[in-house]
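Biologist: Please show me how to read this model one feature at a time, with the general idea first and the particular case afterwards.

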Amino acid sequence: MKIKRYLFGIMLTLLLGLLVAGAVSAQQPTPSDDQVNAIAKQLYCPVCENIPLDVCPTTACAQWRELIRQKLADGWTEQQIKDYFVQQYGARVLGTPPPKGINWLVYLVPPVAILAGAYVLYHAFSAWKRPIQKDNLQPTTTEPPAETDPSQDEYIHRLEEEVRKR
Amino acid sequence: MNEISTNPTEKTSQRVLPRLGRILAWVALFSLLVVVAMVLLQKQQGPVEVGQKAPTFTLTTFDGQQIGPAEMSGKVVLVNFWASWCKPCEQEAADLESVWRYYQPQGDVLFLGIAWTDTETASLEYIDRFDITYPNGPDLGTSISQAYRTTGVPETYIIDKNGNLAYVKLSPFTSQAEIKAAIDPLLGP
Amino acid sequence: MVANLGYATLVITFLVSIYGFVAAYLGVRRNSPALVDSARNAMLLTFPLLSITALSIIYLLVNGHFEVQYVTEVSSNSMPIYLRITALWGGQAGSLLFWSWLMSAFASAVTLRKWDRDREFLPWVILVSLVTLTFFLLLSIFVENPFVSFWQTPTGNITTAMFQPAGTTLFIPQDGNGLNPLLRHPGMIIHPPMLYLGFVSFVIPYAFAMAALITGRTDDRWIRITRRWTLVAWLFLSLGLVLGGRWAYDVLGWGGYWGWDPVEIAAFMPWLTGTAFLHSVMIQEKRGMLKQWNMLLIILTYDLVIFGTFLTRSGVLSSVHAFAQSAIGPLFFGFIGLTFVASLSLLSRRWNDLKSEVEISSWFSREALFLLNNLLFVGILIVCFWGVIFPVISEALGIVGQSIPALAGVFTGQKVTVGPPYYERATAPLFAGLLLLMGIAPLSAWKYSTFKTIGRAAWKPFGASLLVVVALLLVGLRSWPALLGYWLCAFVAFVIIYEFWRNAWSRHNARDENLLLALWQLAGKNRRRYGGFIIHLGVVLMALGIIGIELFQTETQGTIPQGGEISLGQYTIRFDSLSVFDTADGRNVARAVVSVYKDGKYVGELHPRRDYYYESQQPMTLAGVRSTMEDDLYVLLVDWQPLSTAAATFKIYHNPLVNWLWLGGFVFVLGTLVAAWPAKEPEMLVASRSVPEASKA
């Protein structure tokens, strides 16, 4: 009788233990979702355009995320995983074109164009700049003496009234 | 409004600069239109058409085999693009395998399965599930599908013995008879 | 029957439109005011006609006439009435017609204004407007006809045609496919109309610009006429963009508001040149300079609108937003060619007539700073345009590479993605530069300012902004981009407040007016200036929100059983329950209840949902969001693992300061309304005075 109860106790404990172990392991797969997302964020779905891998809802994307998880579990580094994706699915999985061949233009054209624009502006300024005429231009501050302001305002106000009346 | 520049040198420099600017503007506009036109035309074109030379490629199968133009020459080649996550592909998978077993002994027909943007594990599982025996491999870098300008899966392209595209199917096959009807005319004498 | 009515009015409008621009052209050629008036009436007529067309479609949608193909595509029995109405712009055919309807509304509104002073503009404005309208109607009639119906042949095949083919009978499906679930959101209801309003209304300033170029009236007149139109067009475009961002945040489920998707950028580009235009036009009004540049900007804005629409709808760009590919691509391309070539030719022809006596006296004058502002906006435009067009160029060169094997190595034609990292890194310094300018420019004067004069004006706001930085450092903020960004925001905000305060105070002193009243009167008399300040304040608030979410967003994801918890920073959520049920309108809903704890204290309950629409087989995630001005806690139910009451996967985003973005948007719109509000009396042109610069607009 005692032995039976004893055995029963052990079985129960073991079962409970398995249950707890099971629950715990069901909670956070390793590598964790966050680790997968950290890499998936930087990759783009090869099928649906311009959607990052971590938010793409399709079955294919789910498979790719599991692939990332698997590779992470195997000990691959982030760069290795990215290279693998590029090899498998092409350069479009990366967020920016890899700087090879004509893709260099992506990174070169905007700064060159903006600098060219800045140069044009500079050139135009130099051509347009006239020496300051001392007589008709006073260096004006934007801290106008508050006293003159209201009187001028008053004047304008009265002028407006007059014109309105006519 | 209408400003007349009195200085002659200023005038010529003004005329030269606008001319250069004008030329640049027109060239830029023209190139933009040409580029857009080219891509538009290509998108309108759709997948590779019957009669055209089929794009060549080399497929590395999941077993590590290399199948290239040498292995494909002189044979009728059926190229099938599929993916494990593609539900319509499953409809034709069994039929394709059966028709392959029918033609295989003859030796002059080759079936190639190209897994498009798929993961190796899932692809192998798919191949296992339908007991597929013809060579299958991943579309590395999606280069093969880009060459054929596919727009999705499943799509099947049948190449005749001379390397020209003879048949295009942009949806799943509905029966084995349909597949055989496409291949038989190409077998020749 | 209603479909036939709609189609008939569509065709009639098309013919009226053609008559209109032909009559306008002949009216000028033959110097016949009668013909021009006739053309004007034609333009006026297009609106009531197209209203009937649009109402026909709405009628068909609301009453579920599924024999019409478009109705089947976008509507269904389970959709509520208001969604059926908004389905008008839910698909390509309907949205094109909606576009035409809006365009006819604007064209008619322009027709109704007093034309006495600007008679020579009228025929050309009519011509440009009606040619554009004709093109869109052409697309609707011949390529994307919303009234096409289903017909069944005796053999059982279903075909689509406008008019009954011989031997067929009308085929009426039981139900439609329904609107894309992503579009069934309040934001989605207003976002497309606002965006289309913004796009379409830019045609008016463009038409006037073209008229000015054609007639040779290259003075300010066209700008003065269209000043309010441009502001209103810009307001709609801004609103459309902000609403799009809000919709993306609420419904797309990735905790963000802007994805740098090519279609988003296509709508953003005209906004950039439009904003540049709004600023540089002030230089033309104040100093008579930059006429060529302003003309170029408005042409560029409109051309970008058309180009953007083309990119979205032609299939050239692949994007989540893009409509399905159709035959309108080549037609649209032809229209673009026509528009671009005509614009460039006219501009080229009148280039020298637009020259003006240009004089910039100092590097820090307001003109100079506005020009710098333009440079930055155009810089951002270049970044965006290049990012959008590069994949297209790469593909085109790939085609070249295929035909010329020697180049195939370089021109691989391999598809590439130009994504957010590129845009963010390239535009961030440019946006920072714009923020800085927003702070400095109000302090500079027209014609002459030096570093000293600006410094004298700026030291108080500058000092205050430095205090803010010190405060942030004391609180523990170490990220230098954030410190720089917040400093800029503080600086601009203080400059604006300072300007308001200074001027209101001096007015209050001078007139003994209550301070608030002084403020009100000030803004009233100088709507553009003070409206502009409010707009800038709105931008600062938006920048605050953007910096918060972009630099400090954190996320986490995990699968937890019922009763389990996930933590992110100060927050913890506990999975309380999950209910899964079907709804009356055809979806399966999985609704989770989570409790939110901040620093251990209970702060509320959230209900993240996953809806699955049976008819379109599409899932949609709706986040449970706890919003405060400090941050958003954004909880999503994701189905990486199958959802069940045993365990569910949650993804949590923490978005600091994001609600300042929406608040800023609201202030922004308010500011634009102030700036655009018509003055009660005609604007007084005050004679120039040598008073110390108070810079009234």
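**Cysteines, sheets and helices**

Modeller: Let us begin with a single residue: C:C489 counts as buried, since its relative accessibility is 2%, where buried means under 20% relative accessible area, exposed over 50% and partly exposed in between, with a 1.4 Å probe and protein chains only. This is a predicted model, in which local features need pLDDT of at least 70 and side-chain atom pairs count only at pLDDT 80 or more, while totals for chains, interfaces and linings use all residues. Residues are numbered from 1 along each chain as its sequence is written, chains are lettered from A and ligands numbered from 1 in the order in which they are written, and side-chain values use heavy atoms, with hydrogens and water left out.

Biologist: How many disulfides does the structure hold over all chains?

Modeller: A disulfide is a pair of cysteine sulfur atoms within 2.5 Å, and the structure holds 2 of them over all chains. One joins A:C56 to A:C61, with 2.2 Å from S to S; this link is right-handed, with 65° about the S-S bond, and both A:C56 and A:C61 are buried. Another joins B:C86 to B:C89 at 2.1 Å from S to S, and is right-handed with 95° about the S-S bond. B:C86 has a relative accessible area of 3% and is therefore buried, and B:C89 is buried at 1%.

Biologist: Why is there no bond between the sulfur of C:C489 and the closest cysteine sulfur, in C:C384?

Modeller: The two sulfurs are 20 Å apart, which is too far for a bond. C:C384 has a relative accessible area of 0%, so it too is a buried residue.

Biologist: How does chain B read along the sequence, in helices and strands?

Modeller: Helices (H or I, at least four residues) and strands (E, at least two) are DSSP runs, numbered from the N terminus. Chain B has 6 helices and 7 strands, which follow one another as α-β-β-α-β-α-β-α-β-α-β-β-α. Of the 189 residues in chain B, 49% are buried. If we take contact as heavy atoms within 4.5 Å, then among the contacts in chain B between residues at least 6 apart in sequence, 73% join residues at least 24 apart.

Biologist: In what order do the strands of the open sheet in chain B stand?

Modeller: Two strands pair if DSSP finds at least two bridges between them, and the order of 5 strands in this open sheet is β5-β4-β3-β6-β7, with mixed pairing. The edges are β5 (136-138) and β7 (165-169) of chain B, each of which pairs on one side only. From one strand to the next, the twist averages 20°.

Biologist: Which strands pair with β6(B), and over how many bridges?

Modeller: Strand β3 (residues 76-82) of chain B pairs with β6 (residues 155-159) in the antiparallel sense over 5 bridges, with B:F81 opposite B:E155 and B:N80 opposite B:T156. On β7(B), the pairing with β6(B) is again antiparallel, over 4 bridges, and B:T156 stands opposite B:K169. β6(B) and β7(B) form a hairpin with 5 residues between them, and B:G163 in the turn has a positive phi of about 90°.

Biologist: Which way do the residues of β6(B) point?

Modeller: In a regular strand the side chains alternate between the two faces of the sheet. Here B:E155, B:Y157 and B:I159 point one way from β6(B), whereas B:T156 and B:I158 point the other way, and all are buried. Helix α3 (residues 87-103) of chain B lies across β3, β4 (109-115) and β6 of that chain, and runs at about 155° to β4(B).

Biologist: At what angle do α2 and α3 of chain A pack?

Modeller: Two packed helices are described by the angle between their axes and the distance between the axes. Axes are lines fitted to C-alpha atoms, for helices over the stretch in contact, and angles run from 0 to 180 degrees between N-to-C directions. Helix α2 (residues 33-40) and helix α3 (residues 59-73) of chain A pack at about 110°, with their axes 9 Å apart. That makes α2(A) roughly perpendicular to α3(A), given that angles of 65 to 115 degrees count as such, under 35 as roughly parallel, over 145 as roughly antiparallel and the rest as oblique. Among the residues that make the contact are A:V36 and A:I39 of α2(A), and A:I68 and A:L72 of α3(A).
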